[in-house]
Amino acid sequence: MSKRIADVIIPDSKLAVGAAELLREHGSDLLWNHSHRVFLFGVLQGRNAGIAFDSELLYISALFHDLGLTKQYSSPDKRFEVDGADAARSYLQQHGVPDESIRLVWDAIALHTTIGIAQYKEPEVALIYSGVGYDVMGENFDSISENVREQVVTAYPRDNFKNKILPAFLEGFKHKPETTFGNIKADVCALLLPGFQRTNFCDCVLHSPWKE
């Protein structure tokens with residue numbers, strides 16, 4: 001039987017199960033629970049807004065959205081969001097998924113921390129962004145009832161998530177903090193990485209190689 005949480009069915013197709021197995025193998029309990037909450041909160045917000053979306057693509061996007069933080073998928077020089085998106089693209093290509101669906105998943109993962117853009121994209125992209133925002137920062141918190149929230153958190157516990165997720169973020173990109181330039185993840189480096197200095201856009205302009 002399909003697993004149902006808060007009246008949301010967790011996709012159990014071969015493609016979805018395979019993606020879940022990758023997260024379980026290479027991720028942590030923290031990422032496992034967070035990724036499932038992101039999916040569920042994304043679905044619930046989509047339903048509340050009357051938005052049509054592909055549940056399987058949304059689920060796979062949620063499963064891969066933080067896999068770029070893991071040793072298995074982390075590159076030496078790309079943003080972790082891009083690493084996760086690239087991993088999902090490779091997985092979906094191996095399974096013959098159409099290019100347009102792959103593009104949606106790639107965008108959903110790559111843009112999930114990009115404030116001011118992702119929410120205006122296709123439903124799958126926007127709902128991953130809103131699911132992440134809901135679980136990490138409590139954005140639009142009252143859009144989902146306390147009873148429904150409790151059903152989600154009972155199935156996929158937070159387990160001191162507030163205090164664990166920031167160090168987990170840093171662990172995924174502390175070897176390449178320069179990739180957080182222009183990104184909210186620079187805030188994580190500023191808080192937790194000793195000696196970190198942000199790249200300043202204005203300095204980039206004023207000290208460019210142009211002579212004038």
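What is the volume of the largest pocket? The views below take us there, and then on to a second pocket, in a model that is predicted.

**View 1. The largest pocket has a volume of about 310 Å³.** Its lining is made up of 18 residues. To find your way to the centre, look for V136, M137, F169, I184 and K185, the lining residues closest to it.

**View 2. Three helices each give two or more residues to the lining of the largest pocket.** They are α6, which covers 123–137, α8, which covers 161–173, and α9, which covers 186–192. Start with α6 when you trace the lining, since the largest share, 5 residues, comes from this helix.

**View 3. Nonpolar, polar and charged residues meet in the lining of the largest pocket.** You can sort the lining into 10 nonpolar, 4 polar and 4 charged residues.

**View 4. The second largest pocket has a volume of about 180 Å³.** Among the residues that line this pocket are F41, Y134, D135, V136, M137 and G138. Continue along the chain and you will also meet F141, R149, E150, V153, R158 and K162 in the lining. Two elements give two or more residues here: α6 and α7, the latter running over 146–155.

**View 5. α6 gives the largest share of the lining of the second largest pocket, 4 residues.** Now look at the kinds of residue around this pocket: 6 are nonpolar, 1 is polar and 5 are charged. Two names may ring a bell, V136 and M137: they line the second largest pocket, and they are also among the lining residues closest to the centre of the largest pocket.

How values were computed
Residues numbered from 1 in each chain as written. Predicted model: local features only at pLDDT ≥ 70, side-chain atom pairs only at ≥ 80, totals over all residues. Heavy atoms only, no water. 1 Å grid on protein atoms, 1.4 Å probe; cavity = no way out; pocket = protein on both sides within 12 Å on 5 of 7 lines; lining within 4 Å. Points joined across faces, edges and corners; volume = space filled by probe spheres on them. Nonpolar A, V, L, I, M, F, W, Y, C, P; charged D, E, K, R; others polar.
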